[in-house]
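Work through the exercises below with the structure open. Each task is followed by a worked solution.

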Amino acid sequence: MNTRPDRPLRLGTRRSKLAMSQSGHVAEAVRAVTGRAVELVEITTYGDVSREHLSQIGGTGVFVTALREALVRGEVDFAVHSLKDLPTAQPDDLVIAAMPKREDARDALVARDGLTFEQLPDGARIGTGSPRRTSQLHAYANSLGKRIETVAIRGNVDTRIGFVRSGELDAVVLAAAGLNRIGRGDEATDLLAVDNVLPAPGQGALAVECLASDTALIAALGELDDPHTRAAVTAERSLLAALEAGCSAPVGALADLLADGQIVNEMRLRGVVGTLDGSTLVQLSTTGPVPQSYDEAMALGRELADEMLAKGAAGLMGERSL
């Protein structure tokens with residue numbers, strides 16, 4: 001490692017309660033595999049301080065850039081990101097050394113009076129800052145013969161759930177993984193089945209990133225890597241990249257590992273793109289052998305994206321037309 005073995009490893013993290021919790025779990029695991037002390041270095045990102053909606057301030061990279069700059073400047077040794085916050089293009093001088101085992105990838109509903117999504121009244125007001133969730137929630141409501149109103153919100157978990165507790169909103173939708181990681185999973189009143197709402201590509205997974213030149217640290221962090229998680233999220237992010245969409249576009253994707261008994265032998269990749277009102281969705285899936293390499297996982301995502309584009313996905317994203 002480029003670092004002296006007698007000093008603590010410095011882990012760069014966002015300051016939010018969720019980010020600190022995620023990073024704390026990774027720090028414990030890194031201590032266990034390296035025998036080194038790990039200290040958290042809190043870094044404020046533009047996405048944390050801006051109150052604008054993500055689509056207006058640049059989408060995915062706004063939570064990541066400051067952490068990556070600290071890595072390149074040598075202020076931290078490695079950083080922990082929510083994988084869905086990472087842009088799909090990887091900088092040459094940085095490497096994702098580990099993707100630990102994924103948490104629950106689903107979206108969670110936190111609703112008043114313990115209601116599930118299907119029990120929400122017609123016209124219910126649901127808070128989310130995500131176009132992907134907005135699109136699919138409207139489609140889900142349409143399938144139940146009712147309508148909902150989606151309200152654009154931002155903020156940390158406390159802020160979002162506060163809109164429900166105060167009666168301002170009937171429900172909010174958050175990542176189940178985030179609630180679980182801060183010990184608040186029991187506040188979810190419904191976990192949205194992926195058949196109804198596909199998560200963001202990489203949702204529930206973490207990325208542990210360091211300098212590409214730090215081979216010893218890469219090897220140590222690699223002990224935390226879960227190959228099935230890496231194969232799944234690589235395929236999902238390949239689909240996203242091939243659709244030429246950032247996180248401001250309503251793209252959902254999930255790769256499931258399909259087991260025959262105890263043997264995992266196939267991967268199913270599902271993708272969805274839709275209009276914001278949920279009136280039109282392009283939703284397709286493909287199943288194949290579990291990718292054994294980065295290139296195979298990337299190919300799986302690209303193939304499904306090509307099929308979705310052929311079915312008219314580009315025109316739905318409002319990003320561009322073919």
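**Exercise 1.** Find where pLDDT stays under 50 in this predicted model, and decide how to read that stretch.

*Solution.* Scan the confidence values. pLDDT stays under 50 over residues 53–58. The model has 15 contacts beyond four places in sequence for these residues. Where pLDDT is low, predicted coordinates should not be read in detail. Now set the stretch against the chain. The average pLDDT is 89, and 89% of the residues score at least 70.

**Exercise 2.** Check the length of helix α1 against its expected span, then describe its surroundings.

*Solution.* Helix α1 covers residues 17–34, which is 18 residues. At 1.5 Å a residue, the helix should span 26 Å. Its end C-alpha atoms lie 25 Å apart, so the two agree. Next, list the buried residues of α1: Ala19, Ser21, Gln22, Ser23, Val26, Ala27 and Val30. Their cover includes β1, β2, β3, α7, β10 and α8. Finally, look just past the helix. Gly35 takes a positive phi of about 70° there.

**Exercise 3.** Is Thr286 buried or exposed? Place it and list its contacts.

*Solution.* Thr286 sits in strand β13, residues 281–289. Its relative accessibility is 17%, so Thr286 counts as buried. Beyond four places in sequence, Thr286 contacts Met267, Arg268, Leu269, Leu300 and Leu304.

**Exercise 4.** Which residues have the most contacts inside the largest nonpolar core?

*Solution.* This core has 21 residues. Those with the most contacts inside it are Leu239, Leu243, Met267, Leu269, Val273, Met308 and Ala313. Elements giving two or more residues are α9, β11, β12, α10 and α11. Another core, of 16 residues, lies apart from it and includes Val26 and Phe78.

Methods. Residues are numbered from 1 along each chain as its sequence is written. This is a predicted model: local features need pLDDT of at least 70, side-chain atom pairs count only at pLDDT 80 or more; totals for chains, interfaces and linings use all residues. Side-chain values use heavy atoms; hydrogens and water are left out. pLDDT is the predictor's confidence in each residue, from 0 to 100. Contact means heavy atoms within 4.5 Å. Helices (H or I, at least four residues) and strands (E, at least two) are DSSP runs, numbered from the N terminus. Buried means under 20% relative accessible area, exposed over 50%, partly exposed in between (1.4 Å probe, protein chains only). A nonpolar core is a set of buried Ala, Val, Leu, Ile, Met, Phe, Trp, Tyr and Cys residues joined through side-chain atoms within 4.5 Å. The expected span of a helix is 1.5 Å times one less than its number of residues.
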